[in-house]
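Here is a walk through a multi-chain model, chain by chain and then across the places where chains meet. Keep the structure open beside you as you read.

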Amino acid sequence: MNLITKLLFLGLSFTPAATFFTWDGAVAWSLFNGITLSFDLTPLSAFFMLLLAIGAPLIAVPMLREKSDESAYALYALLLLGMQLLLLAGDFIGFFIGWEMMTWSSYLLLLRSPRTDLEGAQSYILFNLASAFLLLAGMLFLYSITDDFRIQAVDGLLTADKLVLFVLFSLAFLIKVGALPLHLWVPRSYDQAPDLFSAFLSALMSKMGIYGLMILPLLFPDGFSEISGRFLNGPVAGYVLAWIGVITATIATFKAISQEDMKRLLAYSSIAQVGYIVTALGVGSSLAIGGALFQALVHTLVKLLLFITIAGIILQTGHRRFTDLGQLISRMPISFFGVLIGIIGLAGMPPLPGFAAKYLMYVGLIEAHWLLLLAAMILASTASFVYCYKLIYGPFLGHANSPEAKTATEAPWQYLIPQIILMGMLVALGIFPGWAIDVLIDPVLIGLNMTPIGAPTWAQLSTNYGGYDGVVLMSVFATVFVLITALFLLIRGNMHRAASPYDLSFCGEVPTADTPLHYGAGMGRELRRVPLIGWILRHTTTGFYAGLTRQTQAAAGVIGTLYGSNPQTWLLLAVLIFAVTLTIQSVTGA
Amino acid sequence: MLEVLELFDRPAVLHSIYLIGSLILFFIGLYGLLAKRHLLKIFVSIEIMELAVYLILIAIATTPGETAPILSDGFTAFTSMSDPIPQALTLTAIVIGVAVTALGTSMAIQYHRLTGKVSVGEMTELKD
Amino acid sequence: MTLHFTPVWFIAVPLLLAFLAPLWVRWRLLMPVLFSAQVALFVLALSWLPTVRIAPILETIVIAPPLGIHLHLDAIALLLVALFSFAGAIVSAFIWLDNGAAHLRERPAFILMLLLIAGSNGMVLTGDIFNLYVFIEIVGVSAYALAAIRRDKTALEAGLKYVIVGSVAAIFILFAIVLLYLQTGQLNIAALAQAFGNMPAQMQLLIGLLMLIGLSIKAELFPFNFWVPDIYRGSDPEITALYSGVLVKAFLFVLFHLTFILLADPTVARNWLMALGAITMIVAELVALRQNDLRRMLAYSSLGQVGLITLALAFASEATTAGALFHMVNHTLIKVLLFLLAALMLRQYASLKLTDVHGLSRTMPLAAGLFVLGALAVLGLPPFSGFISKLWILKGFADVQTFWPVALILTAALIEAGYYFRWIRVFYAPTDALPMAKIEGEKTLNYAPLLVIAGLLIVLGVAPFLLEDWLQQAAQALLGREALLNAVLGVQP
Amino acid sequence: MAHYIIDALAMLGMSYVMGFLFYGFYRQFNARVQRRWGPSVFQNFFDNMKFLFKTETIIHGPMFFFGPMIIFAGAVTTVLFVPYLKDSNWLQGFSHSGNLILIIYLLVVGPLGNALAVGSSGNPFGVMGVTRGLTRLMGLEVPFLLGLALVMVQHETASVHAIMAAQTDFAHWNLMTNPIAFIVMILPFMASQHASPFDVVGAPVEVYAGPRVEFSGRLLGVLMTQNMMMTVAKLVLIADLFLGGATTIWALIAKTFALFLLTAAVSTSFPRLRTEQTVDFFWKIPLGLGVIGVIATVWFPWS
Amino acid sequence: MYHHEHCEGFQCEQQQLEASLAQSGSELGALDRLMAWFRQRSLFVLAYGTGCGAIEMRPLMTSRFDAERFGIIGAATPRQADVLVISGYLAIKTLKRVIRSYEQMQAPKYVIGLGSCTINGGMYWDSYNTIKQLDHYIPVDMYVNGCMPRPEALIEGFVALQQRIAAGTPSGFERYRANIDWYKANQRRVLGDNMPPDYTYDWYHAGGVA
């Protein structure tokens, strides 16, 4: 029974893949009053469907390790259903239905974690519903103008209408991707969700926001071009969006550096990474959109890998804070490589594909001559090195800081299989960036009526600003690495391994187990002394939202006093209103 | 003197008097409803208000000189008879009103037995 | 002898069955009769659907309108009657299957519930305004008595408060009817409608206001709905389900029926009623944020939905009206579901305070799941039917570029989400406490009626076109003043 | 194939020789400024050889060993992706398969690999140094890349070859046509060479020698070697980008030496900055200049 | 060059220790000579001032004496250092740190004893908490006497050390490795239970290769 349920669940997790591979032809479903839902797979939605198809089974595999939990499985299936509906939808109603199903089923999955507190759960659902309702408002606005719920209906609107739609939709989707200052829910929920579900949230659900944002370039109001033409090579709205993205990326990166909890760090890093995508979408050129798609792909793979690996660590040690872990490299070597590959991808280092994505986005920005944005983006992406380093140093290097970290063993195979698959995918993508361009991204660009980027060979990433060859790069690096290592080992001499982890040059002192040798949480603390970063880290939006909640509650309290318990008061009020209305109406003469 | 009495026979005057009287009654009831705390007094007030409304109906619908709407004693046509409908309505309404009042008072008595309270203001059990 | 089906049955059958109560008691058939009566009425209503779609049925009693009393069965009346019988059937099935509340399974409750349904049906069906008053009072009396039927302190307090407020509301209505009669000499609503425009404006205003306030108190509109939370908190949840699901809907119908019929131009009252609805909605949702008792919270949520329905109905466009009627249906289903769940939870937990139901999903997983479903539906989240009806309403507003109600409705929904999800989170909160022992009689069969509703919510959410035609006809019937006047006044005995 | 191998070896050899000679010169220069005699020009070579010939080397786990290998591989890759000569078949490495942005990122690969080794050593002082290094990187990379981006925008390409080819004569050197980019970029460039006054990360007396605290013997030798080669690669890159590249080896040496002299002059003249001062400095002065440069060259293209 | 051909008193102890090591300076191969030359040309001195002699170390690096021209430069961590200069008296407390630092230095490594205190206790000859004779505890390659010796003397000491290295003379670290038990016994005599942990030298016992 247990096994059958699990197998069924595993099968369910392949539904996106099944949809992706077997979908043919459009499907329509009539709702009411002339509203018809149409479903079809466009190149763009196929791209995101592919991400889903990759991600869903990979998260399902480690989930099988837990005790079989039917309701969680059911919710997960609903979530997948919602996301597929969303991606397939050809009109906004279907999109909204999928969007909402995704929202509430993910919320219910979030509740299954014992760590979810009231604030986390509430902020998750309220922000997401706010996003959904903004989307609904935008849909209705569009409908009121065009009498049409189809997504293509946004073409050819007036500037003012476009502006309204742009604001509504971008707010909706920016909440979903967690752009500042609408990101409050992201760190909380990613942190508190069940460990594997965090992977889903970060890797896949944030991509749905990106999918939504992809329609925004259609909506850029073009009325300001005469003002902006001189300064900007592009629409003002795109410029604003790009700045939102890059500010999000920068601030979230600094916040990530200052986190002391692995999952919170990854949450902020998700915000930052998605911020790059928003920036690239703001640029809106084919290079930048290609970069955004590439980044979406890479970020999906990387975050899946990292969250699954971290989940494995948490499973094995029960700890999640950098201060409690350490020195797992020898005990969890595969996980170490998982995180290593993950952070290399995250930091956008060559030769892994994170670099290809960043390269496309940078070139997109340079091509648009948006250099200040480029500078800010570089700031964010170099600052991300710090948190990447923290992420690998904290758990794996340094010294074990808790009894569990000293005795942990490698994560179970259910966790390792997805890790290994994802590592393989990342490395392969890094070697063959041209393949991703050619096979995955160019069809989408063609589908969006944009110039495809094109790739001369599968190994080459090529733009009109120049490109690079993944195979050459990888082989040079690997050859040198192998040669120098071999050379070094050949003339090995008296190389010996320290007999104790405490054999450190420690100013002549002898460190012991009690000496605080692990630098895990302290990393990044000194960044506060840099004025800009210190300022950013001192400020949060929590206060604002808490204040808003407080004010609403207070208002509710004030109005609530009307609802007393004395029937005479109720009647007195009714009679008074009657009298007053009657008098006013009689005097003014109705 | 007679003219004065005749004046009273005129429907408009008579109706005004009835109307004013009923309205006074209505407001007495309303006052009681809003100002008195005792449950039974409140029901009495409600009953007074209701009666005031009935009075208005009966009084305004009837003009002096009309006879009761009963077809007997050789009366074969509905001439100069008062409108029968208001009376029927009033009778029905009175029945309903009695039912409501009876229900209310019985509840009030039971409530008093259970809690010993008679005042509306003391009914705060339901407030959180 | 062939049975002649007439709309009177919707009123007469429950009344008759209620009067025969001693018989059912002797035969121990109270609950089966209660349930099967409602089911029969529901089936009857459905079987009439094809007929009514073609033309409304006018059942005259003795003489033709405007002099005689008549019942008017058109699409909307049929919709509501079917809805009321369905809600009644669900509630009675629940009471039957659930052996918790003994006092609801006895004769008084049986009679009162039948009376309540009969009265509600009568309110919907009748074409005579005094008849309407009588039905309002029948419903009122049975509702007051049902509120107090548990006969403990809280129930009696609720009953007393209800009596006081309800009878004052009835006096307002009666006053308005009296004035109407005195002005026109008519009691037939259609005839009144023709004469209403000829009355002096001051009188129109006075009557309108009296009627509005009387019905607003009954139909729970702000600022006349302060009584609602107390009553909902004090009486049994099963009964509350009927209040929220049946009673309020009947009064809402009456309010708008009269508005649309009496006023030749409904736009006169539009702004008033829309404002009333909007304020009701916002205020109720806001206040609900701070409620710590489940039943009070549900009461406020009910108010909020009533506000929404009012807002949509008052706009008097066909799309919003149809949407609002659909929302009425959905809201009835949802609130019956939620209140019956509250009843089930009350069996298990001493109180339904926020702090007492932590981790409820451990002990009552199905109840918690159904609560989630109900909450999602009431918030208007797909794929449940609440979404469709809200979308319908919003689309109706968007059709004519009226955006402030859209903004208000969405804001209200957001606030509503704030408290519903707080409760859900509490239900699913991790607790250290061991799961409570299951009480006796807690069985899955109890949930059967609730599962029916849940299934219906999903089916209607996925396939709303099942009800589409009916709803649109109902909306046309509600808004079609001329058609109704012609139909009623043109008929011959 | 053989061409590539010989070419690569030549590039590496040239980088190494130029590297230790430049550093030797720097020590001489520094000593003369301080009115000392100073060590021999070959002193860095001696030091490096001494470390490479140490008979004992301690390691702290496999990652500690692979870190220096990664950094060395990164340095070699960087060297091989920078074209040393203009209009020549030689000393090109694999630069046709790369571009400027790739090179900039390759510059960072090695240090990050090394950071893993430092972390693996378990010495908190080393990690502290790494953090400082990453912080400094965060500070310097923004103006550095902004300066290079100005050049890329100017030539509408990210290819080093194309940028080199566009600078036909002295008047068309980017130093002349886009001086603001050079000014923006040059100070961060010095910092990326670990030159004083931005050398707080690895200076011997700052938190115990920084990231290299645990490295000893031959591993330290490897680190020194790659540092010299990397320095030369960076100098060549800047010479390519701003000084019009070089057609002969002598021109290359002259141009890189001129750049190195500039660095050395700055280094000997200014006292060391703390990490956060470094970052703050880069975000104020060079970045501010960069913003002015963007406004001047992109928003208001006079030319 | 103040180098004695004949041993006197306690110096004989050291010569006896050295006697066991092969005198192989003249047998150096070409590569070995090159390596030795590089080594002597580049001496990194651990910046560790144990006593008052540390004050004499500073001028050594400055413009006036400029030790850098001999390839002598300071190093912050023992991992990178080649030469440990014991600058004067050595308190027992400091001895523990000195031993630890010395063992953390990577071979080839050298020790220079600075001043009289390292030779025979000097003016602290009767102090209860300084050691009297440094080469009982760690092997000394070169003594520079005086109290304190001037930087010139220090330079001369360094130069002498360089010559020894270039000649391939067996160094202290080999002696230390060969006679580790003797040194440890001496150290334990003064340090008692306060010995530094033994994982830094344990592998000497396994033939010097770990």
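## Chain C on its own

Of the 493 residues in chain C, 66% are buried; a residue counts as buried if 20 or more other C-beta atoms lie within 10 Å of its own, as exposed if 12 or fewer do, and as partly exposed in between, with C-beta atoms placed from the backbone. Before going on, note that this is a predicted model, in which local features need pLDDT of at least 70 and side-chain atom pairs count only at pLDDT 80 or more, while totals for chains, interfaces and linings use all residues. Residues are numbered from 1 along each chain as its sequence is written, and chains are lettered from A and ligands numbered from 1 in the order in which they are written.

Chain C has 21 helices and two strands; these are DSSP runs numbered from the N terminus, with helices being H or I of at least four residues and strands E of at least two. Its C-alpha atoms fit a box of roughly 70 × 60 × 40 Å along the principal axes. The radius of gyration of chain C is 22 Å, which agrees with the value near 23 Å for a compact globule of 493 residues; it is taken over C-alpha atoms, and the globule rule is 2.2 Å times the number of residues to the power 0.38. Among contacts in chain C with a separation of 6 or more, 79% join residues 24 or more positions apart, where a contact means C-beta atoms, placed from the backbone, within 7 Å.

One helix to look at is α9 of chain C, residues 201-219. Its 19 residues reach 25 Å from first C-alpha to last, close to the expected 27 Å, which is 1.5 Å times one less than the number of residues. Right after α9(C) comes C:E220, with a positive phi near 65°.

## Chain D on its own

Chain D has eleven helices and one strand, and along the sequence they run α-α-β-α-α-α-α-α-α-α-α-α. Its radius of gyration is 19 Å, close to the 19 Å from the globule rule for 303 residues, so chain D is as compact as a globular protein of that length. The box around its C-alpha atoms is roughly 60 × 50 × 40 Å along the principal axes, and 68% of the 303 residues are buried.

Where does D:L219 sit? It belongs to helix α9 of chain D, residues 217-242. D:L219 is buried because 28 other C-beta atoms lie within 10 Å. Leaving out neighbours within four places in sequence, D:L219 is in contact with D:T57 and D:P68.

## Where A meets D

Which pair of chains shares the most contacts? Of the six pairs in contact, that is chains A and D. Chain A puts in 60 residues and chain D 65. On the chain A side, α17(A) gives the largest share, 13 residues. By class, that side has 44 nonpolar, 13 polar and three charged residues; Ala, Val, Leu, Ile, Met, Phe, Trp, Tyr, Cys and Pro count as nonpolar, Asp, Glu, Lys and Arg as charged, and the others, Gly among them, as polar.

There is strand pairing between these chains too: β5(A) runs parallel to β1 of chain D, residues 56-59, over four bridges. Two strands pair if DSSP finds at least two bridges between them. Within β1(D), D:I58 is the bridge partner of A:H496.

## Where A meets C

Here chain A contributes 47 residues and chain C 48. The largest share of the chain A side, 13 residues, comes from α6(A). That side divides into 33 nonpolar, 13 polar and one charged.

β1(A), residues 27-32, is among the elements that supply at least two residues to this side. β1(A) also pairs antiparallel with β2 of chain A, residues 35-39, over five bridges, and A:S30 stands opposite A:T36. The two strands form a hairpin with two residues between them, and A:N33 in the turn has a positive phi of about 50°.

## A core and the gaps

The largest nonpolar core has 648 residues, and those touching the most other members include A:I392 and C:L114. Such a core is a set of buried Ala, Val, Leu, Ile, Met, Phe, Trp, Tyr and Cys residues joined through C-beta atoms within 7 Å. Not counting residues up to four places away in sequence, A:I392 touches A:V339, A:L340, A:I343, A:L397 and D:L116.

Some chains stay apart. Chains C and D do not touch, with their nearest C-alpha atoms 38 Å apart. No contact joins chains B and E either, and their closest C-alpha atoms lie 69 Å apart.

Key. Contact = placed C-beta atoms within 7 Å.
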